[in-house]
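The exercises below ask you to read helices and chain contacts from a set of coordinates. Try each task before turning to its solution.

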Amino acid sequence: MPGILHSLPYFVAGWLLLCGLYGLVTSKHLVHAVVCLAILQSSTYMLLLAIGYRVGGAAPIFADISTSKLVVDPVVQALMLTDIVVEAVVVALLLAMVVKAHEKSGSVSPNDLRTLRG
Amino acid sequence: MTNPAISPALAVAVPLLSAAVLAAVRKWLTRTAMDLLGLLASLATLAITGVLLYGAVVHGASVYWLGGWWPRGSVAIGIAMVIEPIGVSLAMLAALLTSLSLLFSWRFMDAGGKHLHPLMLIFLAAMCGFSLTGDLFNLFVFFELMSIAAFALCGLKTAEPAPLQGSFNFAITNSVAGFVVLTGIALLYAVTGALNMAQIGLSIGHRHDPLVLFACTLIFCGFLTKAAIVPFHLWLPDAHAVAPTPVCVLFSGLMVELGLYAVARIYSAIFAQSFSPHTQALHNLLFAFAATTVLLAGFMCYAEHHLKRMLAFSTVCHAGLMLAALASGGALGLAAMLTYLVAHAFVKGGLFFLSGVLLHNQRSITERELFAKGRGLPWAAALWILGAVGLAAAPPFALLLGEAAAEHAAELHHLEGLSALFVIGGALTSAAVLRVGMHTFFGWGEGALTDRSAEIGELPETTPEDRKLRPYHLIPPALCMLLAIALFADPHWLRILRDAAAAMASQAAYLHTTYTGQNVPLTQSSWREAIPGAVARSILALVLGLLVALSSVFRNTLPRKLRLGAFLERGFRPLREMQSGHPGDYVLWMTMGIAAFGSAAMLLLRR
Amino acid sequence: MTERARNTLFFIAGPVLFFLYGYAALNLPPWGSYRGPYGDAIARLVVYQRHATDIVNAINYDYRGFDTLGEEFILFTAVLGVSMLLRKEESALTKPAGKLSDEVALSGAVRAVNLPALLITTIFGLYIGLHGQLTPGGGFQAGVILATGIVLIYICENTSAFWRITSHSIVEVTEALGAGAYAIIGIIPLFAGLPFLCNFIPLGTTGDVFSSGTIALISASVGVEVTASFLLVVYIYLQEIIAGALSEED
């Protein structure tokens, strides 16, 4: 039992990944699919932040604490910043595609947009 | 520490800067000026990568720490770029193909055409950064940059609904792949506390608990999605069917292959020691995926009647062959994959350029509409037939050398069925290209079959008044075919590639180069004795392909029992259903693929 | 594939994936016990080496500045992609500024709050941007705040004023120049024989606004680029709405 509790944030990250994938697979609306992709991305944030946390560590800003104090991992936070920007722009680009697809064919359901079959 | 003569970061910074400048001033430049500047920028990148390659070959591999952040002890605190012949030659290949694509797209696609150049330069920069980096998160960032530039380029022709769907499917599947890779990188970071590939390999050492296995699964499956291996390949035909021709050249020529390069690099730098008691099992697993890819994609390739979709499936088939070559093991397998990769890039690029020529000249891209229309294009016909010969890996193309090396490696490591796979893949793909060539350029037979996916057609990419073929349309494919043949004739690059592959496959050598900047010269023996066997098999593949194509073209004059070609052309219903165009289906196949790979890895590689 | 088949197959593959993930996660170090060398090594070095107190930004713009260069160009490429996908043919773009009319008349309270809100947001954005190397903040965050400030005009004033402000060519040029500036800041050290993206500006004293060399400079260029690109995206989507509204009227 203690083992599970120690890994609980990681399970939450895995659950988010699963939910995002399920949403993508069963989506009936393209905008919903794009948002599910964003949920998938959130699972990586959860994982990264959980990995970098240190109990009793301070935020990695040395403006008001001494340099010898223990801080949480700043590298994962930097990676997350990169990640968030990537997610935001991928979502923007995908939504532009959805808008244009709606304009051209009048529908936003993946079941109707099947000109590329076979 | 030896330092390279010029900074390798220039190979990334110069195209990025040029893209920014071109995007800033595009409102005020004429189309010709933009074409010229774009071409100059990519030629400059070609020159930079050429200088880097010369340095890497003559002075040996070296490392470049960005920002001057040398590692402290064994902890790398900055980002490293490892300048060794394989990565640099992939970057140089990217620059060459981009220059040829920009030449081909001179005054192309007047509507929205001004967006093409900045996006292609950014795509080039991302490919260069991807090939040269030695840091795992940096690899991910350039993977994302490459993907986003690709999504934008794929949707360039917004006047039709199909490009948006193809682009959307492409974007969803590759974004999921990117996040899966990031999850794997995060798991590796958790246990090693490092992002530099050499340092991760050092930290992991021999451990192969479930965590390392799962991280390996995630990273491999993400990059295999980019490499279009079954069941992660479903985005590729959709994307190729709708992207403009110069973009298709880059996708098939290099972007897909970079996924395989990433798998090879990550395996040899990070996981080689960890999997060392189970290398045979891992190779068998990869070979299983590769074999499925070759067979599935080969049959789908023959059943397609839209030229670009057919060539897309042939790319998937050859990606499977490259993975099979890699899976045959060791430094020899790596050398085989890389030889095949470079030669295939040129042949496939040339074929896509020729399909663009047909689209420009005849305003159509489906086999039925193009029937006998290509009769007045002798040069294009000759190059197209050469391309078909190349796909079968017959002499005088350098793909033969890759096939020979792969078969030699398979013999050494007791991997069955590799030669049969090469023959089947080569036969099916060259048969499809030959069939299209016979219908289009010679007008044999009585008309071509068609299928549902070919009905989407494609809007022509140039203005209707201008159908004349100009030199800049024919020079790129001619140059591509010429280079594919020249690589066969020249023995020096093969020796360099063999030695570089030996160095890349050795984790110890990679660690040494990254931490000390010094080259570790390793060699491996040539595979000359395997070449005659490979020649025989490739000629067999070509002959089989020719027979199947002929049985398709002359199907009405053959008795019913012999109409093999027509039967294959109808395709198999389950395979067509798999390629459904629905993004949810594609993600489902990806999930099933990751689950399958992961379960197999846990079961086979655990003990 | 039918919906039922999709659901069934996912309910087999999904749990297998989740089980593999969980099985692997049990081998991770327990939550809260980060012990890796990378973060600690940098935390010990940053204040001494770069006179910056915000480690996360120091990593982003200096130690791993190459990643951020790639990320900034991801932003640039995506905005370029959006502008390419939603581009309008030159002939279809009539002069919309005169025809824009907001349907609901704005109340006096909203209009009164508009200008102070804009001022406060802009000052806050500039503060966040300039203090990136000292406290949490930096270029990306500042860019988003400044862009939001200008979008306040669209929300509170009228669409035509917003249209006038985000005149297409200036915003586009600024965005591209901001992106190019990062690459130029990286290339300049090469002329002095230093590695790419080396910090070559005097570092100043810790705690000062103008400290930590190129970190502050890169942060500023990123801020400019992000502001311009968010404004450009809002402008492009606004064009879509206007084009839609125009066709409905006819």
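**Exercise 1: the side of chain B that touches chain A**

In this predicted model, the contact takes 41 residues from chain B and 32 residues from chain A. Determine which elements give two or more residues to the side of chain B that touches chain A, which of them gives the most, and how the residues divide by class.

Solution. Begin with the elements: those of chain B that contribute two or more residues are H5, H6, helix H9 (235-242) and H23. Next, rank the contributions, where H6(B) gives the most, with 17 residues. Finally, sort by class, which yields 22 nonpolar, 14 polar and five charged residues on this side of chain B.

**Exercise 2: the side of chain B that touches chain C**

Find how many residues each chain brings to the contact of chain B with chain C, and list the elements and residue classes on the side of chain B.

Solution. Counting by chain gives 60 residues from chain B and 53 residues from chain C. On the side of chain B, two or more residues come from each of helix H1 (10-25), helix H4 (116-132), helix H5 (136-154), helix H6 (161-192), helix H8 (210-226) and helix H23 (583-605). The classes on that side are 38 nonpolar, 17 polar and five charged.

**Exercise 3: the span and cover of two helices**

Compare the end-to-end reach of H6(B) with its expected span, and state how many of its residues are buried; then do the same for H13(B).

Solution. For H6(B), 32 residues at 1.5 Å a residue should span 46 Å, and the end C-alpha atoms are 47 Å apart, which agrees. Since 32 of the 32 residues of H6(B) are buried, this helix is largely enclosed by the rest of the structure. The residue that follows H6(B) is B:Gly193, with a positive phi near 65°. Turning to helix H13 (residues 330-362) of chain B, its 33 residues reach 47 Å from the first C-alpha to the last, close to the 48 Å expected. H13(B) is mostly covered, with 31 of its 33 residues buried, and B:Arg363, which follows H13(B), has a positive phi near 60°.

**Exercise 4: a helix pair**

Describe how H8(B) and H23(B) cross, and characterise their contact.

Solution. Two packed helices are described by the angle between their axes and the distance between the axes. Here the axes of H8(B) and H23(B) come within 9 Å and cross at roughly 145°, and the crossing is right-handed. Among the residues making the contact are B:Phe214 and B:Phe220 of H8(B), and B:Phe597 and B:Gly598 of H23(B). By class, the contact has twelve nonpolar, four polar and no charged residues.

How values were computed
Residues are numbered from 1 along each chain as its sequence is written. Chains are lettered from A and ligands numbered from 1 in the order in which they are written. This is a predicted model: local features need pLDDT of at least 70, side-chain atom pairs count only at pLDDT 80 or more; totals for chains, interfaces and linings use all residues. Helices (H or I, at least four residues) and strands (E, at least two) are DSSP runs, numbered from the N terminus. The expected span of a helix is 1.5 Å times one less than its number of residues. A residue is buried if 20 or more other C-beta atoms lie within 10 Å of its own, exposed if 12 or fewer, and partly exposed in between; C-beta atoms are placed from the backbone. Two residues are in contact if their C-beta atoms, placed from the backbone, lie within 7 Å. Ala, Val, Leu, Ile, Met, Phe, Trp, Tyr, Cys and Pro count as nonpolar, Asp, Glu, Lys and Arg as charged, and the others, Gly among them, as polar. Axes are lines fitted to C-alpha atoms, for helices over the stretch in contact, and angles run from 0 to 180 degrees between N-to-C directions. A crossing is left-handed if the near helix is turned anticlockwise from the far one by less than a right angle, and right-handed if clockwise.
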